[in-house]
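Here are a few exercises to work through with the model open beside you. Try each task before reading its solution.

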Amino acid sequence: MKLSVFTVATPDLNAEELASAAAAAGIDGIEWRFRGIPEDAMSEEPSYWRNNRCSVDPSRWQEQVPVFREAALGQGRKSIALVPYLNYGDLSATEQAFQAADGLGASMMRVGVPGYDRKTSYPELYRKAVDYLSEVQDLAKQYNIKAIVETHHQTIAPTASLAYRLVQSLDPQHVGVLYDPGNMVHEGYENHRMGLELLGPYLAHVHVKNAGWFEAEGKDSQKANVTEKSSGVALNTAWKCHWTPLTEGMVDWVQMVRDLRAVGYDGYYGIEDFSGALESKAMLQHFADVFAEIERRVDEEEQS
């Protein structure tokens, strides 16, 4: 089983520290986060999406990419992916990211997908997204790096079937889907086996994390709950989705691995645990330990 880490989940480690920790845990692949640190976040404590020390800054990529690449190689790790935060339609930024991914020696790169907020219709967003992905496909061919669309809540690709609809007209050799069951707890759950069967050759990568739904409390509950003023009758119950530790959420990773193996998946499992339950190095080791046990268990099932 091939394991990787997306460095958004290890914000307190620099590139060298991350590569060393990945090697110690037996994690082969590294997916580098491609995002700058906001000026007003520099003095903050390390965090996933702001002061993340394990990120390549797009404005300094030519200077930083060799440093990150050599950090991985120095520990015998592979830079398997670059993970930018691209707006769909921005081909200039997309090509810059492909150039950085090429410099790293990565084989995959996440590309942009429209968000969905009920203001613009899905059909309009879909048409624009397919136009963008068609041009992305040309760049993917040019740089020999697979462009991947992530199943992600609050976008037009929250499910396997909607991600498939985006890429189905494209060549799976150059454009694929990053399947993220943890995101699909927030929005987009479908039977995983069915979704994976639908994706077929477009299934390119898998991200590993977990989440769960909990009854909202405090201000969240007051904001979301609706009560009919005239009668005092409650009209709904507010729920919130939160990230959880790897083995404590709604994704059953044992069954997930069974389903992935059933469709012939042999790619990487990339950790991006956002629960904060463990510090980065311990989180990486826990991930490796849990997936070693899952692999052993599924191996035994298949041999029995």
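How many salt bridges does a search of the whole structure find? The search turns up 16. Keep in mind that this is a predicted model.

**Exercise 1. Work out where Arg77 sits and what its side chain reaches.**

Step 1: place the residue. Arg77 belongs to the loop that runs between α2 (61–74) and β4 (78–84).

Step 2: check accessibility. The cut-off for buried is under 20% relative accessible area, and Arg77 has 15%, so Arg77 counts as buried.

Step 3: look for polar partners. The Arg77 side chain reaches the backbone oxygen of Gln75 at 2.9 Å. A polar atom of that side chain also lies 3.0 Å from the backbone oxygen of Ile27.

Step 4: list the neighbours. Leaving out residues up to four places away in sequence, Arg77 touches Ala19, Ala22, Ala23, Gly26, Ile27, Asp28, Ile30 and Ala72. Ile27 thus turns up both as a touching residue and as the owner of a backbone oxygen from step 3.

**Exercise 2. Check the span of helix α4, then find what covers its buried residues.**

Step 1: do the span check. Helix α4 covers residues 122–143, which is 22 residues, and at 1.5 Å a residue it should span 32 Å. The end C-alpha atoms are 30 Å apart, which agrees.

Step 2: pick out the buried residues. Among them are Leu125, Tyr126, Ala129, Val130, Leu133, Val136 and Ala140.

Step 3: bring in the helix geometry. With 3.6 residues a turn, residues three or four places apart in an α-helix point the same way.

Step 4: name the cover. It includes α3 (91–104), β6 (146–150), α5 (160–167) and β7 (175–179).

Step 5: look just past the end. Asn144 follows α4 and takes a positive phi of about 55°.

**Exercise 3. Take the salt bridges of Glu302 and Arg297 and say which parts each one joins.**

Step 1: start with Glu302. Its salt bridge is with Arg261, and the closest N and O atoms are 2.9 Å apart. Glu302 is in helix α10 (residues 280–303) and Arg261 in helix α9 (residues 253–262), so this pair ties together parts 41 residues apart in sequence. Arg261 is partly exposed, at 23% relative accessibility.

Step 2: move to Arg297. Arg297 pairs with Glu301, with 3.6 Å between the closest N and O atoms. Both residues lie in helix α10, four residues apart, or about one turn of the helix.

Step 3: check the accessibility of that second pair. Arg297 is partly exposed at 46%, and Glu301 is partly exposed at 31%.

Step 4: add a network. Asp40, Glu44 and Arg50 are linked by salt bridges.

**Exercise 4. Describe strand β11 and the strands it pairs with.**

Step 1: sort the side chains. In β11 (residues 268–271), Tyr268 and Gly270 point one way, while Tyr269 and Ile271 point the other way. Are these residues buried or exposed? All are buried.

Step 2: find one partner. Strand β1 (residues 2–6) pairs with β11 in the parallel sense over four bridges, and Lys2 stands opposite Tyr268.

Step 3: find another. Strand β8 (residues 203–208) runs parallel to β11, joined by three bridges. Here His207 has Gly270 as its bridge partner.

Note on methods:
Residues are numbered from 1 along each chain as its sequence is written. This is a predicted model: local features need pLDDT of at least 70, side-chain atom pairs count only at pLDDT 80 or more; totals for chains, interfaces and linings use all residues. Side-chain values use heavy atoms; hydrogens and water are left out. Helices (H or I, at least four residues) and strands (E, at least two) are DSSP runs, numbered from the N terminus. Buried means under 20% relative accessible area, exposed over 50%, partly exposed in between (1.4 Å probe, protein chains only). A polar contact is a pair of N or O atoms within 3.5 Å; within protein, one must be able to donate a hydrogen and the other to accept it, and residues adjacent in sequence count only if both atoms are side-chain atoms. Contact means heavy atoms within 4.5 Å. The expected span of a helix is 1.5 Å times one less than its number of residues. A salt bridge is a side-chain nitrogen of Lys or Arg within 4 Å of a carboxyl oxygen of Asp or Glu. Two strands pair if DSSP finds at least two bridges between them.
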